[in-house]
Structures are given as structure tokens and as C-alpha cells.
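Colleague: I would like to go through the ligand site and the cavity search. Please show me the model.

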Amino acid sequence: MQHFPIFVALAGRRVVLSGGGDAALAKLRLLFKTEAHLSVFAPDPHTLIETWAAEGRLSLVRRALEPGDATCAVLFYAANEDDAEDARVSALARADGALTNTVDNLAASQFITPAIVDRDPVTVAIGTEGAAPVLARAIKADLEARLPVTLGPLARIGKAFRTMAERLPVGRARRAFWADYYFRAGPRAIADGDAAAHEALDNLLDAHLTRRDRAGHVAFVGAGPGDPELLTLKARRALDEADVVIHDRLVSPGILELARREAVLIDAGKEGFGPSMTQDRINALIVRHGRDGAQVVRLKGGDPTVFGRLDEEIDALDAACVSWHVVPGITAASASVAAIGQSLTRRGRNASVRLLTGHVMKGFADHDWRTLARPGEVAAIYMGKKAARFIQGRLIMHGAAPETPVTVVENASLPGQRILGTTLAGLPRVLQDAAPEGPALTLLGLAPRAAEAALPDIPRNPLTATQEVS
Ligand code: SAH
């Protein structure tokens, strides 16, 4: 970040502008939104500036800026649209102690003015450090459409009510009150005017002062494979409302950033949770926060119901009488087949698909291997990197064709996504050469769609084929 965004107090303070043409007009229109004392220095000002001066909205000095003219100014704008003159006046203003901006000249400016979405007192400032004004404008337009114009009055009325709300205890109770006002009662009431919004606030405060503490609750939330855009709307809402987020190691930073800023983030996948204690300690942690009355999000990679040890955590909550619900997520198998353009099931190839873990396969009986080795079988193997050679050996021993397609997808949906297309025969070698460090899913029986045409004809599972046809 080369420019740090701040909000400068300008009420009653001095802002000086040098220039009298179009650039000056544009800046002045923006500065009129503030309560600053504006001084304009221009030998030949636009008639509008003269009008504004006559109306008392700014003070106008009809000459070029001289040393000492920017004394006590907080901000200074060089808007002469003349490089030499702008450089001269900026140097003078800096000597007088003001922070300077040269209009449309990033390099010569000490500060820059962002694109602004104005819902006073709520202000959104958008900056791209000069890199992409088009992008800034697009974001501004998007926010303008998204933030209702009533947000300003709502916030102003809310601000005046802050001391009243101090009757509620600091923390969760007070946050719940304000959330109710801004997202539910307030928007409904403001449609009928300011008085209705005031009344809504009074009623809401009474309701919150008399209501009992909200009970704690745990949401088991699927974080998906990593791309924040693959979160469900429900997952986003839960993250928005969470007091505590207890997450796995696999959950990407981009997703954790979406949690409410005040939420406590706890990394339950951290080294230091000893191997035998891990799950017990995590269970105890979730129970403790739920009992404390917190809205807890237990955030798990992919879908919480797939190799997520969900049941143990639910049992612990049930035993402690803490309520819970599950928000499903996109599991790694879905994201991985999407990455290679394949279906998990396909007419004439496989009517069922297995979700396995490399660990579980170590305990497979012969008949499990025989089923998996049949032509046309498709399996998504989670945590299968280490067991690759073992899996390959057993499958071939039980009759699987060495040329059976296998695809390993590393970091599915994430920027570092890699697709390693190979065969059962080539699997250990490909894994050894590529040495994937990110989470990787092994898709047995599937090749990337683009590579499929080049594969030798692999016999279809006759059973599946007839079922599909009939
Ligand atoms: N509940 C998770 C799985 C947890 S087990 C889910 O539904 O996806 C962890 C394993 O999931 C990893 O070892 C890896 O095999 C797989 N995995 C998770 N995220 C992945 C990703 N982005 N790309 C590929 N595999 C992933």
C-alpha cells in the first residue's frame, strides 16, 4: 500500500486552492461537501467561482499564490492545469506547512483524493493508487447502487442515539441492538421519515433492554475448496454475524478476511494441538464458546460433512446442550472435477462415485479393492498423496488396468491450482516429480476432458453400462 487512507477533520479548518479553471471547479464542488474554510487564489477566476465568492461559500483572492498564502492550511490543491505554475505553488504551500495535491499528477502529490461514495456520515473512499481510475469508477457505481440513499439519515439518527444505547452492556448485547437497527427495524422505519426512525430506535432499545441474553449457537460452515467466490451466501452471512470463528488449517486467508472484524479467529489446525488431544481439545473449545453465549462459526474446508470429523463435534455439543446447524459447502471433489471439465457421474461410465481417504484405504479388504479396480469406477481420494504407491499396487493386483486414467488436482479453485493428468501406472512417478505441497485430490478413473480423446479405449463397466441404457 503506497497510499494510506485516512479521514481528515476539515470542519472549520483552512483548505487552499490555486487555480481558476475547470480543474479548480471540479475540486471545489467536491470540497463544498466538507465544512472547511475554502480560499481560492486565481488571477483570472471562472465566473462561477466569482459567484460562489459572492455567496460567501469561499474567499477569493484575484492573484497568483505568494509565499505565506497557505499558512495554517491543512490541505492545498494546485489546480492551475499548468505544470510549471503547479510546481511553483505546491513548493510554496509545502513551505507553509500544508499537505499538497497537484490535480491529475500523482507523482507531484503528497496526497490524492479517492473516488467517494457519499452517504454522509457514512463515506466510502476508493483508491487504486492511480493504477486504474476505470476500476475505481466501476466500484463506485456498484456501491452507489448497493447502498441505499437512506443509509445516510439512518446513520445520522443512529449516531445521535449512541449515548442512549449505552444503557445496554458493552459487547454482544449492544452489537445485536445496532445490527437490528441498521439491518432490520431502521430501513423499514426510515421509509416513513426521520420521526419514524427515532421511534423505532426507542422501541428497539426497550425490547433489547428487556430481552434475555441470546443463547450461544454453533454453525458448522463449509468454506469450500478455497476460492472465496465458492462460498455460499449462507456461509457469508454466518461469517458476517460470528463472534468466534474456529477454523481449520485448510481455510484460505481470503475467506477468513470475510469474517466480522471484531470476531475472534481461532486456528484449530495449528501445530501444537498434540495428535492425541487434537479432536478433544477442539471439541472442548467449541463447547466452551457456545456455552459462553457466542455465535460460533466452526469453519471447515470444503463441505463439513466430508471427512470433517463433524459427528464428533456434534456429539460434544449435544452433550453440552448447545444448539447447532450445518451449512454445506463445495467439497474438494466437486471443485476438482470442475477444474478438469468432467462429471462425477456419467451415463454409461459410472452411476456411482466413491469418496475415500488415503487413510481408510489402508484398511481395505480384498473385495473393496476388487470393486474399486473394476473398469469405469470413479473415486475421489482425499488425503491420498502419501498412500499413492500403495493404492496403485493394490489396484493393479486386483485387476485394474495400468492405463486407467488418474488425475491429481492440487489447490483446486485456488491461484496455485495444478492439474496432473496421468495413469494408474504413472501415478507415483508423477506425484514424486511434481511434489505437490498444497492440498491435492486424486481422481481415479477420470482424465482431464481435453486429454480424454487421446486415451486408449478403456473397457467400460458392463454392469453400469446396461443399467444406464435400460
Ligand atoms: N471437508 C473437506 C475435506 C477435508 S480432508 C472437503 O469437503 O473438501 C482434506 C483433504 O481434502 C486434503 O488432503 C485434500 O485431499 C482435499 N482438499 C481440500 N481442499 C482441496 C483443494 N482446494 N484442492 C484439492 N484437494 C483439496
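Colleague: What makes the pair formed by an oxygen atom of the ligand and a polar backbone atom of Ala332 a polar contact?

Modeller: The two atoms are 2.9 Å apart. A polar contact is a pair of N or O atoms within 3.5 Å, so this pair counts. Asp303 also qualifies, with a backbone N or O atom 2.8 Å from an oxygen atom of the ligand. At Gly301, a polar backbone atom lies 2.9 Å from a nitrogen atom of the ligand. The protein covers 90% of the 550 Å² of accessible area that the ligand has on its own (Shrake-Rupley method, 1.4 Å probe).

The model is predicted: local features need pLDDT of at least 70, side-chain atom pairs 80 or more, while totals for chains, interfaces and linings use all residues. Residues are numbered from 1 along each chain, and side-chain values use heavy atoms, without hydrogens and water.

Colleague: How many residues surround the ligand, and of which classes?

Modeller: There are 17, and Asp303, Val306, Thr331, Ala412 and Ala440 are the closest. Each has a heavy atom within 4 Å of the ligand. The shell divides into 12 nonpolar, four polar and one charged.

Colleague: How many cavities of 30 Å³ or more does the search find?

Modeller: One. The largest cavity has a volume of about 50 Å³, the space filled by probe spheres set on the points. On a 1 Å grid over the protein atoms alone, a cavity is where a 1.4 Å probe fits but cannot get out.

Colleague: Which residues line the largest cavity?

Modeller: Among them are Ile381, Gly384, Val406 and Leu424. Lining residues have an atom within 4 Å of a point. By class, seven are nonpolar, two polar and none charged; Gly counts as polar.

Notes: Polar contact = N/O pair within 3.5 Å; in protein donor to acceptor, adjacent residues only side chain to side chain. 1 Å grid on protein atoms, 1.4 Å probe; cavity = no way out; pocket = protein on both sides within 12 Å on 5 of 7 lines; lining within 4 Å.
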